Amino acid sequence: MKTVTLPGGETVPALGQGTWMMGERASERKAEIAALRSGVELGMTLIDSAEMYGDGASEILVAEALDGVRNDIFLVSKAYPQNASRKRLERACEASLERLKTDRLDLYLLHWRGSVPFAETVEAMEALQAAGKIRHWGVSNLDTDDMDELLAAGGSACATDQILYNLTRRGPEHDLLPWLRQAHMPAMAYSPVEQGRLVADRTLVRIAETIGATPVQVALAWVLQNDDMIAIPKAGNVAHVRENRAAADLVLSREDVAALDAAFPRPKTAGPLEML
């Protein structure tokens with residue numbers, strides 16, 4: 001499995017597993033647990049969740065799925081912006097830890113920007129680190145100006161920015177991704193296949209047929225061609241996990257990349273960071 005290096009030197013899998021909208025339907029629980037465990041066995045040991053996902057249901061599912069293999073996992077969760085204050089972040093983190101049945105998070109993210117000043121959030125994150133409750137901290141859905149402000153507020157230890165990025169969401173290529181590279185912070189791409197909406201695209205289908213892959217794999221491989229990019233697609237069953245995992249070994253040719261660039265051109269000008 002290809003890896004990505006965090007600012008502190010630790011490496012994580014470039015392809016992880018997202019859990020948005022998992023754990024919310026009893027009829028799918030068994031398949032979702034099997035999917036997460038299968039992904040871990042295949043090397044997709046970075047698992048992303050959030051207190052927002054199903055009001056904690058996703059974290060509870062992750063705990064059940066990862067029972068007995070916690071030490072093999074790089075576990076990520078996210079806090080609501082209203083919980084990012086000195087008073088509330090510790091309580092939010094402890095609630096996530098309880099649902100996840102673990103004593104620490106490997107990475108804790110501010111889910112999106114709210115009204116709490118960055119300096120206060122940085123202080124609260126550092127306090128959680130000092131207490132051993134989190135190992136790294138980062139942010140999600142922050143644009144370039146936000147990142148400038150975060151660093152000015154003392155946030156130089158930020159480990160990543162989790163953003164919406166895929167073939168149809170290429171706006172970050174203008175300024176945010178170059179900013180992150182210069183700061184040596186990897187990006188973490190959520191919805192890298194646009195929640196499955198890309199699979200019927202004719203260019204993806206044609207390239208996939210030519211190279212013996214699937215459209216999902218081609219779209220994921222395009223995201224993963226970046227050496228400083230982590231992708232966290234969601235998969236609700238074992239077959240989909242295996243399909244995703246194979247994308248990490250897929251190398252697109254220059255011709256394939258050029259065809260994708262033509263079919264999915266990046267915006268001509270920078271715009272606000274998109275989010276789902």
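Start by selecting His 111: this residue is buried, with a relative accessible area of 6%. Keep in mind as you go that you are looking at a predicted model.

**Stop 1: around His 111**

The UniProt record, an unreviewed entry, places the feature "binding site" at His 111. Follow the backbone here and you will find His 111 in the loop that runs between β6 (107–110) and α4 (118–130). What does His 111 touch, not counting residues up to four places away in sequence? Show Ala 50, Met 52, Tyr 53, Lys 78, Ala 79, Ser 140 and Asn 141, and you have its contacts on that count.

**Stop 2: the sheet**

Ala 79 is a handy stepping stone, as its bridge partner in β6 is Leu 110. Color β5 (residues 74–79) and β6 together: these strands pair in the parallel sense over 4 bridges. Now widen the view to the open sheet of 8 strands, with parallel pairing and the order β3-β4-β5-β6-β7-β8-β9-β10. Which strands are at the edges? They are β3 (17–18) and β10 (229–231), each of which pairs on one side only. As a reminder while you look, strands of a sheet pair through backbone hydrogen bonds, either parallel or antiparallel.

**Stop 3: helix α4**

Go back to the loop that holds His 111 and continue into α4 (118–130). Pick Glu 120, which is found in this helix. Is Glu 120 buried or exposed? Its relative accessible area is 17%, and buried means under 20%, so Glu 120 counts as buried. Leaving out residues up to four places away in sequence, Glu 120 touches Ala 84, Ser 85 and Arg 86.

**Stop 4: salt bridges**

Side chains of opposite charge can pair when their charged atoms come close. The count for this model comes to 22 salt bridges, and a few make good places to pause.

Select Glu 64 and Arg 29, whose closest N and O atoms are 3.1 Å apart in a salt bridge. This pair links distant parts of the chain, with Glu 64 in helix α2 (residues 57–65) and Arg 29 in helix α1 (residues 29–41), 35 residues apart. Turn on the surface and compare the two ends: Glu 64 is partly exposed at 44% relative accessibility, and Arg 29 is partly exposed too, at 23%.

Next, select Asp 103 and Arg 104, where the side chains meet in a salt bridge (3.1 Å, N to O). Asp 103 is exposed, with a relative accessible area of 54%, whereas Arg 104 is partly exposed at 21%.

Then move to Arg 169 and Glu 194, whose side chains form a salt bridge at 2.6 Å, N to O. Why does this pair tie together parts that are 25 residues apart in sequence? Because Arg 169 lies in the loop between β8 (161–164) and α6 (176–182), while Glu 194 lies in the loop between β9 (187–190) and α7 (202–211). Here both partners are buried: Arg 169 has a relative accessible area of 14%, and Glu 194 has 7% relative accessibility.

For the last selection, show Glu 10, Arg 70, Asp 106 and Arg 135 as sticks. Salt bridges that share partners join these four residues into one network.

Note on methods
Residues are numbered from 1 along each chain as its sequence is written. This is a predicted model: local features need pLDDT of at least 70, side-chain atom pairs count only at pLDDT 80 or more; totals for chains, interfaces and linings use all residues. Side-chain values use heavy atoms; hydrogens and water are left out. UniProt positions are given in the numbering used here, feature names are shortened, and annotations may be inferred rather than shown by experiment. Helices (H or I, at least four residues) and strands (E, at least two) are DSSP runs, numbered from the N terminus. Buried means under 20% relative accessible area, exposed over 50%, partly exposed in between (1.4 Å probe, protein chains only). Contact means heavy atoms within 4.5 Å. Two strands pair if DSSP finds at least two bridges between them.
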